[in-house]
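Here are my notes after a first pass through the model, in numbered points. Have it open while you read.

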Amino acid sequence: MKFIVSACDLAKVKTEGLVVPMFEGEKIAGDIKTLDGALGGFIARSAKNGVFEGKYGQSLSTDSLGNAPAGKITLAGMGKREELTLERVRQAAGGSARTMRNAGIRNFATGLAMIRPGGVDEQSVAQAVAEGTTLALYSFENFKSEKSKKKIENILAAARSKSDEPRLQKGVDKGVILAEAACMARDLINLPGNVVTPTYLAEKARETANKYRLKCTVFGPKEIEKRKMGGLMAVAKGSRQPARFIILEYMKGPKNQKPVALVGKGLTFDTGGISIKPSERMEEMKADMSGGAAVIGAIRAAAALKLKANIVGLIPSTENMPGGSATKPGDVATSLSGVTMEIINTDAEGRLILSDALAYSKKFDPDCVVDIATLTGACMVALGYYASGLFGNDDQLIEQIREAGEATGERCWPMPLWPEYEEQIKSEVADIKNVGPRWGGAITAAAFLKKHVSGKWAHLDIAGTAYNTEKGRPYLSYGGVGIGVRQMISFIEKRLGL
Ligand code: BES
Ligand code: ZN
Ligand code: ZN
């Protein structure tokens, strides 16, 4: 699929399909008025009789029957102009692109990049259009014998004037890079556990590194043991698949600037281990490496965007299996941080492997560490599908990540981390235990991670946001969301003032 940015008149553009954004409660004017005239007043009539009023999420399609240069015309309701947000643009772009594809159209033009949410520059609008479209047109067909024949080839993003074109083009290019990186993460999530093993994840990281000339280091079981990554070792014990510890380094920022460290949970399949999970929906636990996929995706995006930033990605990766040599409840492991951990429940494995990665991040003397992990079902209970849990030890860092979530539509919500929660993971036999009491499970998990960090740190619990099984947003498909890729890039840009 390719975007072409070009100044044109929506009423005159010759195209198979045309997407026309419409605002609620506004008189039709300009290009749209001309178009309405060609359609014999169809648009005005639809508004009058209440079929299409431009309400947000509404859409109406018609065939022009040769009365306009465009074949199929889809009106995309944008709601009230003063309520317009970039997320609405993203969703409208996604929804209308799918309408076009479903109609069997291969090339269409869109007027979405022409609109202006209050206070937002045109480049960001174009970026949102490209993101929403690219994300919406993603489909995972690797295992389908019959692939879908409906494919969009070219999209013309209409600009208001020639002078707008370069800025829109910049936004489109950026949006495509970000969405494609998120789609790479989606592929990794959607591919099953028998394909995406720790070895496969490491190979993908290396492939990405080679493509963008980044440094990539992968530790296998021997190096993991030699380096005393006791949490990762304890979880890997029950599996036949060898563990990996993946390090990606993108260092294109100022020489003296400390890197941002991104840590992603790369659990390629979570059975729960000896504390085995119920079988219902266990297949979704192939997505337990979504945090790791997000880190690979974010670093790929940073490289493709040529961000002037220093970023280190750390991904501990293993399966959590109940093999004959698996860790047992009551076993004690020592993290690379030196903290001893009593493993009460082998299903609380994410925090164990993250403890080593958080401790290892100190080697890079980072400005801050942000981890992203499908960590707890409890976070899903607390926030549902529409927000990741946000924790940390630095208010400014937390606020920057929250803002990045708002800007990208990958929203997150701050949760408390008071000392009382840390009390709850004190162990009778070791320094800490890997589960607290039943309630507040997302917070005690974060409190556990906090024991292994020294500097500025934030944690995103993406258990509820990483995998989509609902028909919610028009640019999401079933399965992997690719959550965190766009949010982390936006966060890094904010933090470094890029
Ligand atoms: N990977 C799961 C968390 C999860 C649950 C992610 C649902 C996505 C959807 C994690 O390793 C886990 O099993 N956590 C346990 C912790 C409990 C044993 C303290 C949980 O949330 O039940
Ligand atoms: Zn688990
Ligand atoms: Zn898990």
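**Notes on the metal site, a buried arginine and two strand pairings**

D270 and E349 are both buried. Keep in mind that this is a predicted model.

1. Start with the metal those two residues share. The zinc ion (ligand 2) takes its donors from D270 (OD), D347 (O and OD) and E349 (OE), with distances of 2.0 to 2.2 Å. Along the chain, these donors are spaced as D-x76-D-x1-E. The pair links distant parts of the chain: D270 sits in strand 10 (residues 266-270), while E349 is in the loop between strand 13 (340-342) and helix 10 (350-360), 79 residues apart.

2. If you plan to set up restraints here, look at the angles. The six donor atoms around the zinc ion (ligand 2) subtend 70 to 167°, so the arrangement counts as irregular. For an octahedral label, opposite donors would have to be over 155 degrees apart and all others between 65 and 115.

3. There is a second metal to consider. The zinc ion (ligand 3) lies 3.2 Å from the zinc ion (ligand 2), and D270 coordinates both.

4. What about charge away from the metals? R186, in helix 5 (residues 165-190), is buried but has no salt bridge. Its nearest side chain of opposite charge is E410, 7.5 Å away, whereas a salt bridge would need a side-chain nitrogen and a carboxyl oxygen within 4 Å. Setting aside neighbours within four places in sequence, the contacts of R186 include L135, Y138 and Y475, as well as L476, S477, G480, V481 and G482.

5. Next, a hairpin. Strand 3 (residues 59-63) and strand 4 (residues 70-77) pair antiparallel over five bridges, and D63 stands opposite K72 of strand 4. Six residues lie between the two strands, and in this hairpin L65 has a positive phi near 50°.

6. Which residues of strand 3 are on the covered face, and which on the uncovered one? L60 and T62 are on the covered face, with S59, S61 and D63 on the uncovered one. In a regular strand, side chains alternate between the two faces of the sheet.

7. Last, a sheet of three strands. It is open, has the order 12-13-17 and shows mixed pairing. Strand 12 (332-334) and strand 17 (432-433) are the edge strands, each pairing on one side only. Strand 13 runs parallel to strand 17, joined by two bridges, and E342 stands opposite K433 in strand 17.

How values were computed:
Residues are numbered from 1 along each chain as its sequence is written. Chains are lettered from A and ligands numbered from 1 in the order in which they are written. This is a predicted model: local features need pLDDT of at least 70, side-chain atom pairs count only at pLDDT 80 or more; totals for chains, interfaces and linings use all residues. Side-chain values use heavy atoms; hydrogens and water are left out. Donors are N, O and S atoms within 2.8 Å of the metal (3.2 Å for Na, K and Ca); water is not among the atoms, so sites may look incomplete. Four donors count as tetrahedral if all angles lie between 85 and 135 degrees; four count as square planar and six as octahedral if opposite donors are over 155 degrees apart and all others between 65 and 115; anything else is irregular. Helices (H or I, at least four residues) and strands (E, at least two) are DSSP runs, numbered from the N terminus. Buried means under 20% relative accessible area, exposed over 50%, partly exposed in between (1.4 Å probe, protein chains only). Lys and Arg count as positive and Asp and Glu as negative; His and the chain ends are not counted. Contact means heavy atoms within 4.5 Å. Two strands pair if DSSP finds at least two bridges between them.
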